[in-house]
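Reader: I am in my first year and am learning to read protein structures. Could you take one part of this structure and examine it closely?

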Amino acid sequence: MSPRAGNTGPHTLAFVESPVQLLNVLEWAHARRHAGGTGLTLVVLSPIDPMTRGQLRRMAELAREEGHAVRWEEARGGPAAPFQTIGGLAGLLRRADRIVLGDPFSRYVQLLLTITKARDIVVVDDGTATMEFVAQLARGERLVRWHRKGGRPGPRDLVFAPVSSAARKRLTPSERRKVEIFSSMPMEETPAGVTVTANTFAWTRDRFGPPRITKGADMVGTSLVETGVVDGDRYLEAVRSLAKAHGATRYFAHRRESAEKLHRLAVETGLEVVRPDLPLELIARRGPIGRTILSFPSTVVHTLPLALSGTEVRVAVCDIDPAWLTENASPRAQGFLSGVTGTARDVHRLSAVTAV
């Protein structure tokens with residue numbers, strides 16, 4: 001059990017929109033627990049999706065147990081909600097010495113960044129998107145999520161462009177502003193002046209486990225179908241083939257996977273579909289968990305080996321066959337997904353299974 005927190009230096013305001021972001025804020029606060037100060041206020045900009053909200057509620061409970069103040073904002077609860085949320089946070093934003101954020105691509109967060117005068121900005125992991133953010137910041141490019149890159153900016157992108165540009169400036173270090181990236185992701189390009197701190201998942205290992213390990217294999221789901229990158233039929237066939245080859249019995253669903261897809265997957269593959277109530281790093285660390293964890297390219301191929309360090313669990317990652325990509329997939333998709341797999345440490349790499 002880690003010591004109770006709230007001791008993270010000058011007053012810190014953190015914004016999260018997903019359970020993984022909240023987990024990584026807790027990891028960052030744990031890593032800084034010896035610094036002096038008045039502590040951390042964690043603001044949850046709640047999404048609409050019920051599964052994400054449920055996981056965020058559980059993570060918020062853990063944050064309170066660690067001694068952090070948590071403020072829950074119904075940030076998307078109707079047309080007026082964004083204005084009410086931003087208005088209610090303006091005073092906190094102006095007073096904060098440090099801002100911690102998990103998704104620099106979020107328009108909500110970019111808008112909040114234009115208000116703050118904080119001289120210390122910290123970006124914690126929001127999954128593999130952090131790799132793309134760092135690369136874009138290093139090259140001075142506009143901030144665009146990897147699965148959208150290559151497409152033309154839409155009308156909303158053009159309207160929001162000045163805010164996005166201003167946010168990118170806030171995320172660029174200067175004489176007046178320090179920028180830190182707290183990450184477990186590999187960084188091929190580090191922006192000049194940015195401090196990179198390794199996230200080792202020390203809080204997760206201190207707080208949970210070690211897990212009971214079963215003899216079988218578990219599989220980790222992905223939202224690549226929902227984001228329009230991978231064809232749904234090809235994905236289901238790949239899951240079926242992979243599960244059969246490795247004797248997997250459980251499928252841990254990604255929080256963004258659709259109910260229709262998961263129902264079809266359960267019927268066609270025979271896998272037990274599990275809807276986790278916490279991020280998978282915590283689920284795996286609590287156990288029970290299979291001796292082998294099968295995954296497609298995703299954040300967990302980087303984070304699970306850290307969370308499960310010291311156990312006998314093996315993480316195996318299956319490449320995405322280019323034939324699985326949809327015709328609408330970004331030209332960047334295949335290279336990015338290959339990079340996610342190729343840069344993962346302490347994982348066993350599997351060739352793409354045949355999906356017909």
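Author: The following account concerns the open sheet of six strands, the helix α8 packed against its strands, and the residue E257, with a shorter look at the other sheet afterwards. The model is a predicted one.

The strands of this sheet follow one another in the order β10-β9-β8-β11-β12-β13, and their pairing is parallel. At the edges stand β10 (272–274) and β13 (348–350); each has a single partner strand, so one side of each is left without a neighbour in the sheet. On average, neighbouring strands are turned by 30° against each other, direction ignored.

The pairings can be followed strand by strand. β8 (residues 213–220) runs parallel to β11 (residues 289–295), and five bridges join the two. Within β11, it is I289 that stands opposite I213. β8 also runs parallel to β9, to which four bridges join it. A217 has A248 in β9 as its bridge partner. β11 in turn pairs with β12 (residues 314–318) in the parallel sense, over four bridges. There, S295 stands opposite V317 in β12.

The helix α8 covers residues 232–246, which makes 15 residues. From its first C-alpha to its last it reaches 21 Å, close to the 21 Å expected at 1.5 Å a residue. At the start of α8, a side-chain oxygen of D231 comes to within 3.1 Å of the backbone nitrogen of D233. After the helix comes G247, which has a positive phi, near 70°. The buried residues of α8 are Y235, L236, E237, A238, V239, S241, L242 and A243. These buried residues pack against the strands β8, β9, β11, β12 and β13, and also against α9.

One of these buried residues, Y235, leads to the next point, since Y235 is among the residues in contact with E257. E257 itself is located in the loop that connects β9 (248–252) to α9 (259–269). Is E257 buried or exposed? Its relative accessibility is 3%, and a residue under 20% counts as buried, so E257 is buried. Two polar neighbours of its side chain can be named. The side chain of Y251 is joined to that of E257 by a polar contact of 2.6 Å. In addition, a polar atom of the E257 side chain lies 2.7 Å from the backbone nitrogen of H254. Beyond the residues within four places in sequence, E257 is in contact with G221, T222, S223, E226, Y235, Y251, L262 and R275.

For a second example of a buried glutamate, one may turn to E27, which is found in helix α1 (residues 19–31). At 2% relative accessibility, E27 counts as buried. A polar atom of its side chain lies 2.9 Å from the backbone nitrogen of W203. E27 and N199 are 172 residues apart along the chain, yet their C-alpha atoms are separated by 7.0 Å. Not counting residues up to four places away in sequence, E27 touches F182, N199, F201, A202, W203 and T204.

The other sheet may now be described in the manner used above. Seven strands form this open sheet, in the order β3-β2-β1-β4-β5-β6-β7, with parallel pairing. Its edges are β3 (69–73) and β7 (195–198); each has a single partner strand, so one side of each is left without a neighbour in the sheet. Neighbouring strands here are turned by 20° against each other on average, direction ignored. Four bridges pair β1 (residues 12–16) with β4 (residues 98–101) in the parallel sense, and A14 stands opposite V100 in β4.

Helices pack on this sheet as well. Helix α2 (residues 50–65) touches β2 (40–45) and β3, and its direction makes about 160° with that of β3. Helix α5 (residues 129–139) lies across β5 (120–124) and β6 (178–183), running at about 150° to β6.

Helix α3 (residues 81–95) also has 15 residues, which at 1.5 Å a residue should span 21 Å; its end C-alpha atoms are 22 Å apart, which agrees. The helix bends by about 40° at L89. L89 is also one of the buried residues of α3, along with A81, T85, I86, A90 and L93. Together these buried residues pack against β1, β2, β3, β4 and α4 (107–113).

Terms used: Residues numbered from 1 in each chain as written. Predicted model: local features only at pLDDT ≥ 70, side-chain atom pairs only at ≥ 80, totals over all residues. Heavy atoms only, no water. Buried < 20%, exposed > 50% of the residue type's maximum accessible area, 1.4 Å probe, protein only. Polar contact = N/O pair within 3.5 Å; in protein donor to acceptor, adjacent residues only side chain to side chain. Contact = heavy atoms within 4.5 Å. Pairing = 2+ DSSP bridges. Axes fitted to C-alpha atoms, helices over the stretch in contact; angles between N-to-C directions. Expected span 1.5 Å × (residues − 1). Bend = angle between axes of the 7 residues up to and from the residue.
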